[in-house]
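I am opening a fresh notebook page for this one. Come along and look over my shoulder as I look things up.

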Amino acid sequence: MESKSVGIIGGGAWGTGMAQALARGNHKVQIWALEDEVVDSINNQHENKKFLPGYTLSNSITCSKDILEVAANKEFLIIASPSLYLASTISKIADLPNIKDGSTIIACLTKGFVPSADGPKLVLETIESALPEIYKDSTVYVAGPSHAEEVAMGKLTGLVAASLNPKNSIRVRELLRVPGLMVYSSFDIIGVQICAAAKNVVACVYGALDALTESSDMFGDNTESLLMAAGLNEIQTLGFAMGATHAETFTSISGVGDLDVTCKSKYGRNRRFGQDIVKTDMLSKFSSIDDLIANVGKIGYLPEGAIACKYVHEISLKKDLKLPLTDALFKILNKEATVDDAITSLLSLK
């Protein structure tokens with residue numbers, strides 16, 4: 001395979017795991033990170049000790065705090081910035097010559113919704129509105145059941161490269177044709193983005209229920225499967241209301257696959273967050289969902305589902321959608337209901 005130059009904007013776990021996968025394909029990868037400790041540990045110790053500890057990275061992966069250096073003159077640019085900071089991050093690179101002329105193909109790994117004055121926006125919509133017009137309908141969204149830890153280890157993982165530009169979807173798919181990854185194309189950019197964001201909301205509820213099963217005779221594996229099936233239905237309802245175009249998006253790896261691994265994997269931060277709500281009284285640190293989002297750094301890890309919950313709830317009200325799991329989690333995070341009350345009500349137990 002011909003080596004490509006790739007910049008990854010975001011030195012978190014997922015960006016780092018993807019960098020390691022690309023390095024296995026002999027691509028030249030440079031990561032942008034904000035933190036000095038991340039830059040130092042990747043460059044000098046070949047490990048991201050802050051966000052992906054315990055996984056040795058290829059010597060060919062480098063890291064820089066200079067976002068313009070990382071984004072300049074790359075054949076491919078992969079965005080892995082958290083959704084809360086996505087718009088401001090993209091604005092920093094929009095005037096680079098290779099971005100202005102569209103010579104760099106841009107893909108995105110970011111999950112969630114992006115806050116704006118007009119309400120929550122999808123990731124690709126946010127990126128393309130901040131980029132030159134040449135990128136309109138041409139960026140690529142990459143998602144699927146893909147915990148960073150297993151991607152870094154090279155364990156077989158399936159991904160979807162979704163874009164309205166079929167050539168760019170294929171180009172990104174070819175870039176990601178490396179040991180350990182299987183990548184498929186899709187035109188359903190909205191459906192794939194909704195699956196990637198909303199499954200984290202379901203996983204938070206799943207984690208809380210999982211923790212409750214340890215002390216309750218009422219909940220078990222059957223209950224968790226019931227909740228997951230309800231969650232998939234909720235994701236599909238939201239997806240079609242937002243403009244998803246293909247039902248199979250929800251029954252393939254973007255939907256069923258990603259939801260399953262996010263709810264059940266030991267690596268899942270959103271499942272962990274739901275468990276911590278029950279086991280460690282995590283929410284005692286916060287007065288409301290807005291307070292939680294504003295101070296999310298106090299958690300110690302990033303539960304994307306807690307943030308996405310606010311925006312899915314907002315969309316559901318605007319579009320008059322019935323999304324019981326989202327409503328239950330919103331009430332829990334906003335201190336309107338206890339976990340026990342919200343989940344038993346959700347499951348129609350009282």
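**Entry 1: two helices meeting.** Which residues in α9 meet which residues in α15? I looked this up in what is a predicted model. On the α9 side I found A197, N200, V201 and C204, and on the α15 side E304, G305, A306, A308, C309 and V312. I sorted the residues of this contact and got seven nonpolar, two polar and one charged.

Next I checked the geometry. Helix α9 covers residues 189-212 and helix α15 covers residues 304-319; their axes come within 8 Å and cross at roughly 110 degrees. An angle from 65 to 115 degrees counts as roughly perpendicular, so I wrote down α9 as roughly perpendicular to α15. I also noted that α9 passes α15 in a left-handed crossing.

**Entry 2: the other partner of α15.** I then turned to helix α16, residues 324-333. The axes of α15 and α16 come within 9 Å and cross at roughly 120 degrees. That angle is outside the range for roughly perpendicular and not over 145 degrees, so α15 goes into my notes as oblique to α16. The crossing of α15 past α16 is left-handed.

Who takes part here? From α15 I listed G305, A306, C309, K310, V312, H313 and S316, and they meet T326, D327, L329, F330 and L333 in α16. My tally for this contact is six nonpolar, four polar and two charged residues.

**Entry 3: a closer look at S316.** Is S316 buried or exposed? With a relative accessible area of 2%, S316 is buried. S316 has its place in helix α15. Setting aside neighbours within four places in sequence, I found S316 in contact with L321, L323 and D327.

**Entry 4: a closer look at V202.** Back in helix α9, I picked out V202. V202 is buried, with a relative accessible area of 3%. Which residues does V202 touch, leaving aside its neighbours within four places in sequence? My list reads L227, G231, I235, L259, C263 and L325. I also looked up P145, which is 57 residues from V202 along the chain; their C-alpha atoms are separated by 14 Å.

**Entry 5: cysteines.** How many disulfides does a search of the whole structure find? The search came back with zero. I looked at C63 as an example: C63 is in no disulfide, and the nearest cysteine sulfur, in C108, is 18 Å away. C63 is buried, at a relative accessible area of 6%.

Then I went back to C309, which appeared in the contacts of α15 with α9 and with α16. Why is C309 not bonded to C204? The sulfur of C204 is the closest cysteine sulfur to that of C309, but the two are 7.7 Å apart, and a disulfide needs them within 2.5 Å, so the distance is too far for a bond. C309 is buried as well, with a relative accessible area of 0%.

**Entry 6: positive phi values.** Most residues other than glycine have a negative phi. With that in mind I noted N73, which is not a glycine and has a positive phi of about 60 degrees. N73 lies in the loop between α3 (67-71) and β4 (76-79), and N73 is exposed, with a relative accessible area of 66%.

K335 also went on the page, with a positive phi near 60 degrees in a residue other than glycine. I found K335 in the loop between α16 and α17 (339-346). K335 is partly exposed, at a relative accessible area of 42%.

Methods
Residues are numbered from 1 along each chain as its sequence is written. This is a predicted model: local features need pLDDT of at least 70, side-chain atom pairs count only at pLDDT 80 or more; totals for chains, interfaces and linings use all residues. Side-chain values use heavy atoms; hydrogens and water are left out. Axes are lines fitted to C-alpha atoms, for helices over the stretch in contact, and angles run from 0 to 180 degrees between N-to-C directions. Helices (H or I, at least four residues) and strands (E, at least two) are DSSP runs, numbered from the N terminus. Angles under 35 degrees count as roughly parallel, over 145 as roughly antiparallel, 65 to 115 as roughly perpendicular and the rest as oblique. A crossing is left-handed if the near helix is turned anticlockwise from the far one by less than a right angle, and right-handed if clockwise. Contact means heavy atoms within 4.5 Å. Ala, Val, Leu, Ile, Met, Phe, Trp, Tyr, Cys and Pro count as nonpolar, Asp, Glu, Lys and Arg as charged, and the others, Gly among them, as polar. Buried means under 20% relative accessible area, exposed over 50%, partly exposed in between (1.4 Å probe, protein chains only).
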